[in-house]
Amino acid sequence: MVIDRDTKRLQKKAERDRRVEEVYGRYPELAELDRQLRDVGVRLLKWAVSKAGEEAATPLNEERAVLARAREELFARLNIAPAVFEVQWDCPQCQDRGWSAFGEKCACLVQEEIDDLFASSGLTGEMLAQNFATFDLSWYQGQSARLGEKMAQVLALGQDFADQVLQGVRRQNLLFYGGVGTGKTHLSSAIANHLLTRGKTVVYRTISQIITSIYTAKFDFQNQGRQPALITGLRQADLVIIDDLGSEKTTEFVATELFELVNDRLRLERPLLVSTNLSLAELPARYGLRTADRLITRSICVEFEGTSIRQLKAVLN
Ligand SMILES: [Zn+2]
């Protein structure tokens, strides 16, 4: 990223130089004025490092003032925008350096990093717009008052979870289970968006995507032992969200790798959010006792119930 910014800065300066050359080519009198201005500048610099008195600088300053005025008039007469001579930075604040003079990150760099975080998170399409504010409790309330109340608590739980991950104090995982279209993905995305916009790293993948990456890393010899970014992310991200557990074809390999992943995150004390269409009772048979045990006993398990939101929407539209 640093190299990118340096390269970009050089390009922007080169663009400015090209514009200036073009203007000089068109208006040689301007080129001559600027040559004289540079010349008087050099002489002022020589005076500044010499021991000559103040009075020696006066004619130089006067000469420079005359030239500067002439330049202004020429600009007005030729109708040249002064911006032609300036580098057109995307961020004038830091001149595209990404850092302030005091070594603080510029807002543009913070934004760029957040954009990068989103791009590598795995959040796509409508998930990017799913946040806590758009988590629609009326869908649940419309089905029953009890469900409405319960989901209000679930929403609060999700918000607490996100805040604790943000503060780095979260120790317990979350496990969302229940039927398709009951809001699991929306709440998971809301948690992910909350963290990503605040500069945290999130890996959001379906179990199939995770397994494919692990498989490639382990067995694709063309990969030459290089670790895909996703594999590193699975260990290091501030939050890993495994979506759709149970939708994959569960093999011995899947069960083993899931165990490793869950265990790794626990060992590193980094939180995990798993969502599954399976019931808790189905987990041991699918992934083995020890994996199910770690998933269930080390998580707050939240059941999502109700008629599928997708079904309801289909009926209502
Ligand atoms: Zn900036």
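Val240 stands opposite Leu272 in β4, a convenient way into the sheet of this predicted model. Local features were taken at pLDDT of at least 70 and side-chain atom pairs at pLDDT 80 or more, while totals for chains, interfaces and linings use all residues. Numbering starts from 1 along each chain, as its sequence is written. Helices (H or I, at least four residues) and strands (E, at least two) are DSSP runs, numbered from the N terminus.

Strand β4 covers residues 272-276 and pairs with two other strands, where pairing calls for at least two DSSP bridges between them. On one hand there is β1 (residues 173-178), parallel to β4 and joined to it by four bridges; here Leu174 sits across from Leu273. On the other there is β3 (residues 239-245), again parallel and again with four bridges to β4. Leu273 turns up here too, as the bridge partner of Ile241. Strand β3 also runs parallel to β2 (residues 202-206), this time over five bridges, with Val203 facing Val240.

As for burial, a residue counts as buried if 20 or more other C-beta atoms lie within 10 Å of its own, exposed if 12 or fewer, and partly exposed in between, with C-beta atoms placed from the backbone. By that yardstick, five of the five residues of β4 are buried. Neither face is left open: Leu272, Val274 and Thr276 are buried on one side, Leu273 and Ser275 on the other. Strand β3 is largely enclosed by the rest of the structure, because six of its seven residues are buried.

The link from β3 to β4 goes through helix α10 (residues 252-267), and the three make a right-handed β-α-β unit. Right-handed here means that, with the strands pointing away from the viewer, the path from the first strand over the helix to the second runs clockwise.

Among the helices, α7 (residues 184-196) is mostly covered too, with 13 of its 13 residues buried. Helix α7 reaches 18 Å from first C-alpha to last, close to the 18 Å expected (1.5 Å times one less than the number of residues).

Helices α2 (residues 28-49) and α3 (residues 54-78) have axes that come within 10 Å and cross at roughly 160 degrees. That makes α2 roughly antiparallel to α3, a label for angles over 145 degrees. Axes are lines fitted to C-alpha atoms, for helices over the stretch in contact, with angles from 0 to 180 degrees between N-to-C directions. The crossing of α2 past α3 is left-handed, in that the near helix is turned anticlockwise from the far one by less than a right angle.

Definitions and conventions:
Parallel < 35°, antiparallel > 145°, perpendicular 65-115°, else oblique.
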